[in-house]
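Let's work through a few short exercises on how parts of a protein meet and what sits around a ligand. Grab the coordinates and follow along.

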Amino acid sequence: MMEKLKIAIQKSGRLHEGSVNLLKECGIGLANGMNKLRTEAGNFPLEAYFFRDDDIPQYVEDAVADIGIIGENVVYESNKQITVVEALGFANCRLCVAVKKGEEYKGPASLNGRKIATSYPVLLKKFLDDNKIKAEIHEISGSVEIAPGIGLADAICDLVSSGSTLFMNGLKEAETILQSRTVLVKNNKLSKEKEALLAKLLFRIQAVKKAKNNKYILLNAPNEKLDDIIKLLPGMKSPTVLPLAQAGWSSVHSVLNENDFWEIIEKLKANGAQGILVVPIEKMII
Ligand code: ATP
Ligand code: ZN
């Protein structure tokens with residue numbers, strides 16, 4: 001029987017939809033698995049298991065699942081023998097220490113002797129030890145952000161994305177102790193067959209990620225400006241240049257990275273580019 005790659009995905013929560021969508025963009029459709037523990041992909045040798053995210057490191061270490069999608073916060077908090085393979089580029093967040101808004105914060109020493117509520121005692125303890133701070137860690141499993149308001153703690157250590165939850169609870173960010181990305185993790189002893197399947201999946205994930213970070217650009221340029229315009233557009237190898245029906249003009253096609261996008265567009269315009277079209281790329285294989 002052909003081997004199947006077993007992937008562990010969060011059953012419900014912030015990572016569920018992004019995980020299912022990423023697989024979908026990789027051409028791997030999962031049957032609606034919300035109420036199931038397990039579902040099979042139709043068109044890739046893969047089966048998905050749905051778990052609480054906190055349980056995934058243990059299951060991957062024990063080879064109940066071969067790979068999994070979780071936040072690095074959970075990877076490092078769990079201390080299991082698993083390997084981070086690839087950052088996936090969605091639902092990233094940071095683990096922060098936050099204190100009451102009105103409080104003066106002058107660096108980690110301000111936390112000496114304080115009581116800090118968190119669901120991440122391992123990562124918090126490491127931060128405190130690294131900074132030689134003695135503080136009391138109060139472990140709670142949910143709604144950490146309300147702890148200072150009800151007198152349960154002086155500060156918290158919790159995950160933040162926009163910061164609005166902190167703000168609404170009268171707290172302010174004091175320290176970032178971990179920039180946490182959502183990652184693909186794997187069991188450390190995968191068989192050759194499973195490593196090969198994982199490589200195939202990774203190839204697709206990378207193509208999807210690159211496509212998200214890049215845009216396809218088409219523009220018209222007067223021929224005398226072509227050299228300047230081409231210099232602005234690296235492209236995958238180099239831009240494609242096609243003559244327009246109107247003499248003296250060319251159409252230029254290329255690929256632009258999202259990060260440099262606006263700056264380059266401005267320069268293209270300044271160099272005489274017209275009719276600029278920017279189109280999303282669905283997959284990108286270099
Ligand atoms: P489960 O029932 O699976 O244990 P949970 O309540 O622990 O769910 P979620 O709140 O869904 O988990 O968060 C899952 C992951 O999403 C986190 O571990 C973290 O990596 C990531 N994440 C991204 N942004 C945030 C955020 N603002 N708050 C919390 N987690 C976030
Ligand atoms: Zn969880």
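**Exercise 1.** Count the salt bridges between domain 1 and domain 2.

Solution. Take a salt bridge as a side-chain nitrogen of Lys or Arg within 4 Å of a carboxyl oxygen of Asp or Glu. With that cut-off, the count between domain 1 and domain 2 comes out at 0. Next, try polar contacts, pairs of N or O atoms within 3.5 Å; within protein, one must be able to donate a hydrogen and the other to accept it, and residues adjacent in sequence count only if both atoms are side-chain atoms. That gives 5 residue pairs between the two domains, both residues at pLDDT 80 or more. On the domain 1 side, helix H3 (residues 72-78; helices are DSSP runs of H or I, at least four residues, numbered from the N terminus) brings 5 residues, the largest share.

A word on the ground rules: this is a predicted model, where local features need pLDDT of at least 70, side-chain atom pairs need 80 or more, and totals for chains, interfaces and linings use all residues. Residues are numbered from 1 along each chain as written, chains are lettered from A and ligands numbered from 1 in written order, and side-chain values use heavy atoms, without hydrogens or water.

**Exercise 2.** How much area do domain 1 and domain 2 bury between them?

Solution. Buried area is the accessible area (1.4 Å probe) that two parts lose on being put together, summed over both. Here it's about 750 Å², with 51% on carbon and sulfur atoms. Asn73, Tyr76 and Glu77 supply 68% of what domain 1 buries against domain 2.

**Exercise 3.** Which side chains make polar contacts with ligand 1?

Solution. Start with oxygen atoms of the ligand: one is 2.8 Å from a side-chain N or O of Gln10, and one is 2.7 Å from that of Arg52.

Terms used
Helices (H or I, at least four residues) and strands (E, at least two) are DSSP runs, numbered from the N terminus.
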